[in-house]
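Open the structure in your viewer and keep the selection tool at hand. We will go from stop to stop, and at each one you will hear what to select and what is there.

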Amino acid sequence: MGVEARGIEVRYGDRVALHGVDLDAPDAQITCLLGPSGSGKTTLLRVLAGLEPAFAGEVRIDGDDVTKVPTHRRGVGLMFQEHALFPHQDVGGNVAFGLRMQGASGDATRSRVIEVLDLVGLAGFEGRAIDELSGGEQQRVALARALAPQPRVLLLDEPLGALDRELRERLLVDLRTLFGRLGLTVVFVTHDQDEALALGDRIVVLRDGRVEQAAPAAEVWRTPASASVARFLGCALCDATVTSGRAVGPWGGIPVAAPDGPVQLASRPDAFRLVVGETGDGVAAAVVAVGYRRDRRFVTVQPDAGGPPLTIALASIDARPEPGTQVRFAVDPAAVTVLPPG
Amino acid sequence: MKRWTICVAAVVALAGLAAACGRGGTTQDGRGATITLLTHDSFAVSKPVLQQFEQQSGIKVKVLHAGDAGKMVNQAILTKDKPLGDVLFGVDNTLLTRALQAGIFESYRPAALAGVPATYQLDTKDRAVPIDYGHVCVNYDKAWYSDHGITPPTSLQDLTKPQYKNQLVVEDPSTSSTGLAFLIATVAANGDGDPKVGGWQPYWQRLRANGVKVDEGWDQAYDTDFSGSAGKGPRPLVVSYASSPPAEVLAAKPEPTVAPTGVLLDTCFRQVELAGVLKGTKHPKAARTFVDFMLSKRFQADMPLEMYVYPVVDGVALPPVFQKFSEIPTQSLDVAPARIAQDRDRWIQEWTSTVLR
Amino acid sequence: MTSPQPPTRRGPRLGGRVWRFATVAIPAAFLLVFFVYPVLAILGRGLVPRWSFDPEPVGRVLTDAGLRGVLWFSVWEAALSTLLTLAIGIPGAWALSRFAFPGRRAARAFVTVPFVLPTVVVGAAFTTIFGTDGSLLAILLAHAFFNTAVVVRTVGGLWSQLAGRSEDAARALGASPVRAFLHVTLPALRPAIVAAGAIVFLFCFTSFGIVLILGGPTRATLEVEIYRQTADQLQLGVAAALAVVQLLAVTAMLLVAGKLQGHRAVALALRPADAVARRARTAKERIALAVVLVGVLGFLAWPMAILVARSFGSDHGLTLDAYRSLDATGPGSALFVPPVHAIATSLRYALGAVVISVIIGGLASLAALRREGRAGRILDGALMIPLGTSAVTLGFGFLIALDRPPVDLRTSPWLVPIAQALVAIPFVVRTVVPLGRGVDPRLRDAAAVLGAAPARVWRAVDLPVLGPALALGAGFAAAISLGEFGATALIARPDNPTLPIAIFRLLGVPGAQNYHAAMALTTILMALTLVVVFAVEAVPGRFAARGARGSRG
C-alpha cells in the first residue's frame, strides 16, 4: 500500500520536468526524494499532493486511484520549507484549519489541536501569534498543522531547509522518532544526502526528471547505482581498467568482480586509509589541502600517478598532514563500487 | 468572514442611497410650483417685488447665479437635456445666436411684448424675450483724473495714448458678456479687415502695449480694480455700463450733486438682455408666468435701481437718479446681429491670441 | 533547492471559468465604454470632424500663435517648476534621509502632506499670498509645494541606501565632502533625480487646478485651455484638437518617463522605508541641517497655515463666521446651493467613486494576479492608461461622448463618480496587485492540502491580504475623488457642485465674505482628505505587511 506513482510525466511548455517517473513509498516507511536543484523532486511531491497536474501517469494512495482527485480531497498532509503558516491566524487557528475543513466539531477540534501541539512539543502555544515564534517553533506548528487532520500520507518539502544546522539535527532526530511512533507513510524531499540518510528508510535519487536509483538507504550509500548518484552522495570517483579481476588506476590495484575493460570506481571518503610518509603500502600522493567538516578532518590529495584529486575522510582528527607532505593511501576494496566507464 | 459580507452590503446600500439622493424634484404645475431662474451673477430684484409676485402667483422662485453671462449661457447649453432651471435670464444680443442655435429655449410670446419697441425684439421666433437694455461703455473715475491733473480720455483711440498707460481694465470676452460687448464695439469702430493693414486687432495690440488689464468678469473689474467704485482699485478706466454713474451716486453718502464717475460716450455698445423659457422645464406654465412678470411694469420699473439697466417696455418711468445722472449715448458702436452670430467665435479666438497669449 | 519553476505558476484558483471571464470582461467593458469610447470621440471631433480625416483643427491649434503659446507655456512653466521643485526637494531629501534628529518621522510624514492635497486646495492656499492675477511665481511655487514630496521620496529613498557607504568610501580615499558629493553621491543619485524630475515635469505640464486658479486669464496650460475652450467659449472643435495635442504630448512624455524608469506609482508609497540615518556630526553640518529643515518645512507649512488662518479671519478678528456662512444661501450667493451641500455632494460622489473603483479595480487586480492570464496582464497595463490621459481630457471626452445614445449619462448621478473612478482605478490596481503578489503561493497550497476547496482557499489566504489592500485602495480612491477637479469641472452640474468646484466658484467672485467662505471650504476639504489618507494608511498596514512577508517573488 502506501503511495504508488506510475509513469508520472510533467511538462512546462516544451520542457519536460518529469519523464515518466515511477515511485513507491511503502506504508509506514519514510521515503526520501533526494536530488539536486532542478531534478524534479519537488514537482513530483506536488504531483502526489495534487497541486501539480500530471501530463501523464497515475497516483495511488493506499490503493485508491487519486489521479483525478483535487488536492483538498486527497487526504494528504504537506509541510513546506517556509512553513507557509497563515500569518493572520494564531497557532491554534493554523493547526485547527484542516480539522475545520473536515467539518470537525468545535470540541473535537480543540482536543485534537491540544493533542497535536503536545505531540510536537508545543503544548500551550494555541494562542500565540505566528510572528512571535522562532523558526523551530514555526516548523513544529507547521508539522502539527499537517498532522492534525490525520492524513493518509505526509509529504514534506525540504521542511528543515530554512533552519540552522543545530536545530536541523535536533529536529531530524525528533521527526524520525515521531514518524516511527505514529507509523506514518512519509515522503520527504531533500537535497541534503545527510538528511536523507539520517531519516530515510528508502531513498529515491532523482536527476533531470528521472529516477537514478530507488533503494533502501543503506544500499544507496553502499552501492550507488551511477556515477552521478555517487558524486551527489559525496563519493570519490576515478577511472580504472580491469584486467583479470584487478582494477588498476590512480587508486592502485583493487580486486573487483568485473569483466576486463575500462570502468569507473566509486568509494565513500571514509573508506580510505592514509599513511604519512614516502614509503610503505598504498599509492603515493601529495597533500593538496586540509580542512574540517564538522567532526571529521578531510584531506585532499593528488595521486602521483595522475587522475583527479581525491578527498579522504580521516578516521582520526589527530592526524595533521600539512599541505605538500608526501603520503600514501589505500582504499578498502569492500567499499569500492564498480560503475560503467564515464 | 461574515464581517466582509456585512461591509459589502453596507457599501452597496449606501451607494444606492447616494444614487437616490441624486434624484428628486417636484412635478406640480402652475400654482405651488417652485421654479428656478438660471441667470448671471449680476441679476438682482428687490425683495418686495419678488415677494409680491410669489404671493400673487403662488409660484416660488429660486435664483441660480451661474457666473458671468457667457459662462451661464454655456452651462445652459451643456446641460440642455436636463436643464438647470426653468427660466433663463441674461442672454444678451452678443450671445443670443449661440443660445438659439443650441435650441435651449421654448417659444413663448408674452402679451406685454406689444409694448416693446421692435428694435429690441431680436428673435423673430419669440424664443427669447427682451427684458432690458443698457450701454456698455468705458467709465472713468473723475476724482482720479482731477487728482492727477490729467484730462480724461474721450475716445477709443485715446485709450492707446501714453498718458493713459496702465489705466484701463476690461473683461475677458470669452467669459464676460460685458467684455464681449466692448470687443464688438472696438470691432465696429476699427473695422474687421486684414489685420496687417488695420482693424481691431492692431488696435488691441496697442491697448495691450499700453498696459490694459484683463479680468475674468465684470464684478472683478469694476469692484476690485476700478478706482471709482467702493473697491478703490488702482485703475481709473473700466469697461462698465452707461448706467454705472447713477449707481455710484446711490452708493455715495451723502448723495453727491455730480456723479463721481463718468462715461466715455464714444465707446458704447448697446446691449439687450433677454429671457426665455428653458426647454425641458417641468413647470412650463409657471415659467411663462415668470417671463410675463419680468415684462410687467412693476419689475421693469424695479430693474434700473437693482441691475442698472433700462426697461424695454415703453412708458415705464425711470427713477429720478437715472434721469439726473445717467448719460445715454446718442449713437452706439453696433454691429448687425447676423455679423455677430457669424464672427463672434472667431473674434474671441483672435482676441485671446492677440491680448492674452 | 526546489523545483525549477516557481510553484506559483498556476496562480490562485478563483473558481470557475465564468468568474475568470468576469474578472477580465467587466473591467475591460468598463474601460471600453468610459475611456476608449470617449477618447475616440475626442479623436473624432479633433481629426475627423465631418466624417473625413481632416487635420485642420489640430493644424489650426498648432499654427495659431495664441494656442501655440499655450503649448509653449505648458512646456516652459513645467520645466521651471521642475527645476524649482528639485532645488527645494533635493536638500529636503538630504536632510530627511541622511540624518537622525528628533521629530524626523513626523517631518517625513509632513513632507508628503502637500502631495495628497487636492490641487484646488494648493491653488487656494497660494491665492492667500499671491492673489489670482496670474503671478508666474505663484504657479511655480505652488507646483514646487505640491511636488516636493515626489523628489524627497524618490531621491531620499535612494539616498538613504547610499548613505554612509560610497560617500564614506570616497572620504576615506581623500575626497573633501563637497568633492565626495559631486563625484560620488550625485552621480549615484542621478537615476532617482531624473525619475523624480520626469514625474514632476509631467504633473506640471498637465497642471490644471493650480494654473486655472492662480494663472488669471492670461496664463493657461493645455489643460486649462481645453477647459476654457469648452466651458467658456463652447469651442468644442478647438477643445478636441487641443485634447488630441495633449494626448500626443503626454504619450510621448510617458514613453520618455518610462525609459527613465519613472512611474506615477512611485509616489504612492507614503510610508518611508526605515533608513540608516545618523546624527549631524559637526557644527557646520548641524547648521546646514537646521537651515534646510526650517527652509523646506517652513515652505510647506506656510501656505497651509495662512489658508487655515484666513478661514477663521474676517473684518473683526478671528471668528467662525466663514464656517457659519456655509449653510446659508440667498439671492445674492455665488453658489446654487449652500456651500455645505458641496460637502455632502463630495462625500456622496466619493462613495460612488470608491464603490466603482473598488469593484472594477478589484476585479482587474484579480485578473492581473492570475499570471497565466495574458488578458490579465494586458488589462493591468490598459488600466494604467487613464493615468496618462489628463483629467480634463477625460472629462471633455465624457462631455462629448456620453451625451447621446448608446450611452447617455449626461443627467445620471453616476456620471461624476464614474469619471472620478476612472482616475482612481489605476491607483487601486497599483495598490492591490503588489500586495496580492506578496501573498505566499504556498499558503494557497497549504490550505488546499488541508482540505480547503478553491473558493475556501481564496477566502482563507487571499482575502485577508486583498481585503486590507482593497481598503487601502479605497482610501486612495476616496482621496482622489474628493480632490478631483479636472474631469469634474467639466461634467459636474452647477446645481451639484463638489467641494473643489464650489471653492473654485467662490474664489471667482469678489467679496471678502465669499473669499473667507472659500478658505473655510478649502480647509474642510484639506482636513477631509488628510483624515481619509492617514486613516487608511494606518489601519491595514499590519495585515498587508504580514501577509506580504516571506514572499519570494
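The tour below begins in chain A, moves through chain B and ends in chain C. Please keep in mind along the way that this is a predicted model.

**Stop 1: the two domains of chain A**

Select residues 3-227 of chain A and give them one colour, then select 235-339 and give them another; these are domain 1 and domain 2 of the chain. The centres of the two domains, taken over C-alpha atoms, are separated by 38 Å. Now look at where they touch: four residues of domain 1 of chain A are in contact with six residues of domain 2 of chain A. On the domain 1 side of this contact you will find two nonpolar residues, two polar residues and no charged ones.

**Stop 2: a four-stranded sheet in chain A**

Stay with chain A and show its strands. Four of them make an open sheet in the order β2-β1-β4-β5, and the pairing is antiparallel. Select β2 (15-25) and β5 (64-65) of chain A: they stand at the edges with a single partner strand each, so one side of each has no neighbour in the sheet.

Next, select β1 of chain A, residues 3-12; seven bridges join this strand to β2(A), and the two run antiparallel. For a single pair to zoom in on, try Glu4(A), which stands opposite Asp24(A) in β2(A). Then add α1(A), which packs on the sheet and touches β1, β2 and β4 (56-61) of chain A. The direction of α1(A) makes about 115° with that of β1(A).

**Stop 3: a five-stranded sheet in chain A**

Another sheet of chain A is the next thing to show. Here five strands form an open sheet in the order β13-β12-β11-β14-β20, with antiparallel pairing. Which strands stand at the edges? Select β13 (252-255) and β20 (337-339) of chain A: each has a single partner strand, so one side of each is left without a neighbour in the sheet. On average, and ignoring direction, neighbouring strands of this sheet are turned by 40° against each other.

Now pick out β11 (residues 236-243) and β14 (residues 261-267) of chain A, an antiparallel pair joined by seven bridges. You can check one partner directly: Ala236(A) has Ser267(A) in β14(A) as its bridge partner.

**Stop 4: where chain A meets chain C**

Bring chain C into view beside chain A. Their contact takes 31 residues from chain A and 24 residues from chain C. On the chain A side, select α1 (41-49), β6 (76-79) and α2 (91-101), the elements that give two or more residues to it. Helix α1(A), already seen packing on the four-stranded sheet, gives the most to this side, with four residues. If you colour by class, the chain A side shows 13 nonpolar, 13 polar and five charged residues.

**Stop 5: the two domains of chain B**

Hide the other chains and turn to chain B. Domain 1 is made of 27-133 + 271-323, and domain 2 of 135-270 + 326-356. Their C-alpha centres lie 26 Å apart. How many residues of each domain are in contact? In chain B, 19 residues of domain 1 touch 26 residues of domain 2.

To see the domain 1 side of this contact, select α3 (69-78), β10 (269-278) and α12 (320-325) of chain B, the elements that give two or more residues to it. The most come from α3(B), with three residues. By class, this side has nine nonpolar, six polar and four charged residues.

**Stop 6: helix packing in chain C**

Finish in chain C with helix α14 (residues 339-369) and helix α20 (residues 454-483), whose axes come within 8 Å and cross at roughly 140°. The two helices are therefore oblique to each other, and their crossing is right-handed. Show side chains here: the residues that meet include Ala350(C), Ala353(C) and Gly361(C) in α14(C), and Gly473(C), Ala474(C) and Ala477(C) in α20(C). The residues of this contact divide into ten nonpolar, six polar and no charged.

Keep α14(C) selected and add helix α18 (residues 415-437) of chain C. These two pack at an angle of about 40° with their axes 7 Å apart, and are therefore oblique to each other. This crossing is right-handed, and the contact has 18 nonpolar, seven polar and one charged residues.

Key. Residues numbered from 1 in each chain as written. Chains lettered and ligands numbered in written order. Predicted model: local features only at pLDDT ≥ 70, side-chain atom pairs only at ≥ 80, totals over all residues. Axes fitted to C-alpha atoms, helices over the stretch in contact; angles between N-to-C directions. Parallel < 35°, antiparallel > 145°, perpendicular 65-115°, else oblique. Left-handed = near helix turned anticlockwise from the far one by under 90°. Contact = placed C-beta atoms within 7 Å. Nonpolar A, V, L, I, M, F, W, Y, C, P; charged D, E, K, R; others polar. Domains from an automatic or database assignment. Pairing = 2+ DSSP bridges.
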